[in-house]
Amino acid sequence: MKKKIVTILCEGPHDAAFLRKILRANGFNSYDEKKIKEYPTPMDAFVKRNLEKSNIEDLNIQEAKKAFIPNNVLQKENTYLFSYILGGATKMNTMTDFLIDMFKLTKKDEKSTEYDVAENTDFAVLCFFDADNDMKIIDKNIKHSLKNKDIDCVIEEEVHKCIKYHKGLKIGFYIFTEGDHNTGKLEDIILPLMRKDNENIFSAAEKYIDNVSKKADKDKGKQIIGVTGQLEKPGCENTVHIRQTSYITDEKIKANSKCQEILNYIEDFIKE
């Protein structure tokens with residue numbers, strides 16, 4: 001059976017935590033406990049090489065925590081998902097640099113001699129972004145970034161939910177929106193899931209934030225997740241709340257149209 005290695009690029013750790021949660025609810029298992037040397041070839045060498053590029057010995061502990069290594073790893077049968085965090089201001093450059101590195105694994109780049117050939121293996125990169133105030137702007141930025149690095153995917157349509165190939169690498173994009181709008185962000189998907197059947201808790205948290213926060217308009221979604229999450233996991237950050245919260249159950253995920261849209265796209269992307 002052909003092995004499939006899919007790297008998922010997310011803007012931030014909240015995105016990675018949420019995607020992990022919906023994938024776990026649909027049959028993927030955690031691979032986090034595995035040692036790097038146990039990763040499927042050539043991802044073992046790929047992750048190790050990225051660590052070495054970080055010059056760990058020259059970093060302080062805070063910088064070392066930001067080394068570009070997987071945030072989490074999932075596995076289901078012959079498919080392995082490696083999630084990475086792109087970060088904020090430089091996310092487009094980080095994305096294209098990562099794609100260029102991944103081309104070295106496909107062996108379609110004749111100049112590459114860094115990794116052993118992985119027989120009977122498909123490689124793919126799936127990128128997730130927030131639409132923010134306008135999906136069209138994100139679409140334009142993605143296409144501009146790809147073109148600048150000569151990554152010619154011939155994307156004439158919207159990048160959202162497209163599937164393209166370049167140098168033997170399958171590439172896809174999904175943009176988080178609120179409902180069917182062309183605006184929004186991850187929190188617009190997470191919060192309705194969390195609020196369902198917990199309206200009293202979330203209304204009280206929102207009222208509290210409105211009364212005391214000076215950033216309520218800008219960061220309200222993250223603040224509500226943080227305040228309500230503290231009731232379950234005191235002292236933990238939002239990433240932990242999203243991964244471990246009881247406010248988002250497997251049943252809610254399976255019944256939510258947006259979660260199923262995301263999952264169906266991921267499954268179609270893997271299968272194609």
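In which sense do strand E1 (residues 3-10) and strand E5 (residues 121-130) pair, and over how many bridges? Select both strands in this predicted model: they pair in the parallel sense, over seven bridges.

**Along the E1-E5 pair.** Two residue pairs serve as markers. Show Lys 3, which stands opposite Thr 121 in E5. Then show Thr 7, whose bridge partner in E5 is Val 125. Strands of a sheet pair through backbone hydrogen bonds, either parallel or antiparallel, so backbone atoms should be displayed for this stop.

**The other neighbour of E5.** Add strand E7 (169-176) to the selection. E5 and E7 run parallel and are joined by seven bridges. One pair to pick out is Ala 124 with Lys 170, its bridge partner in E7. Now colour E5 by burial: nine of its 10 residues are buried, so the strand is largely enclosed by the rest of the structure.

**The whole sheet.** Extend the selection to the seven strands of this open sheet, which follow the order E2-E3-E4-E1-E5-E7-E6. The pairing across the sheet is mixed. At the edges are strand E2 (29-30) and strand E6 (163-166), each of which pairs on one side only.

**Helices against the sheet.** Select H5 (residues 135-148) next. This helix lies across E5 and E7, and it runs at about 155° to E7. Then select helix H11 (residues 257-271), which also packs on the sheet. H11 touches E1, strand E4 (79-85), E5, E6 and E7. The direction of H11 makes about 175° with that of E7.

**H4 against H5.** Keep H5 and add helix H4 (residues 91-106). Two packed helices are described by the angle between their axes and the distance between the axes. Here the axes of H4 and H5 come within 10 Å and cross at roughly 45°. H4 and H5 are therefore oblique to each other, and their crossing is right-handed.

Which residues of H4 meet H5? Show the side chains of Met 92, Met 95, Thr 96 and Leu 99 in H4. On the H5 side, they meet Ile 138, Asn 141, Ile 142, Ser 145 and Leu 146. By class, this contact has six nonpolar and three polar residues, with no charged residues.

Terms used
Residues numbered from 1 in each chain as written. Predicted model: local features only at pLDDT ≥ 70, side-chain atom pairs only at ≥ 80, totals over all residues. Heavy atoms only, no water. Axes fitted to C-alpha atoms, helices over the stretch in contact; angles between N-to-C directions. Helix = DSSP H or I, 4+ residues; strand = E, 2+ residues; numbered from the N terminus. Parallel < 35°, antiparallel > 145°, perpendicular 65-115°, else oblique. Left-handed = near helix turned anticlockwise from the far one by under 90°. Contact = heavy atoms within 4.5 Å. Nonpolar A, V, L, I, M, F, W, Y, C, P; charged D, E, K, R; others polar. Pairing = 2+ DSSP bridges. Buried < 20%, exposed > 50% of the residue type's maximum accessible area, 1.4 Å probe, protein only.
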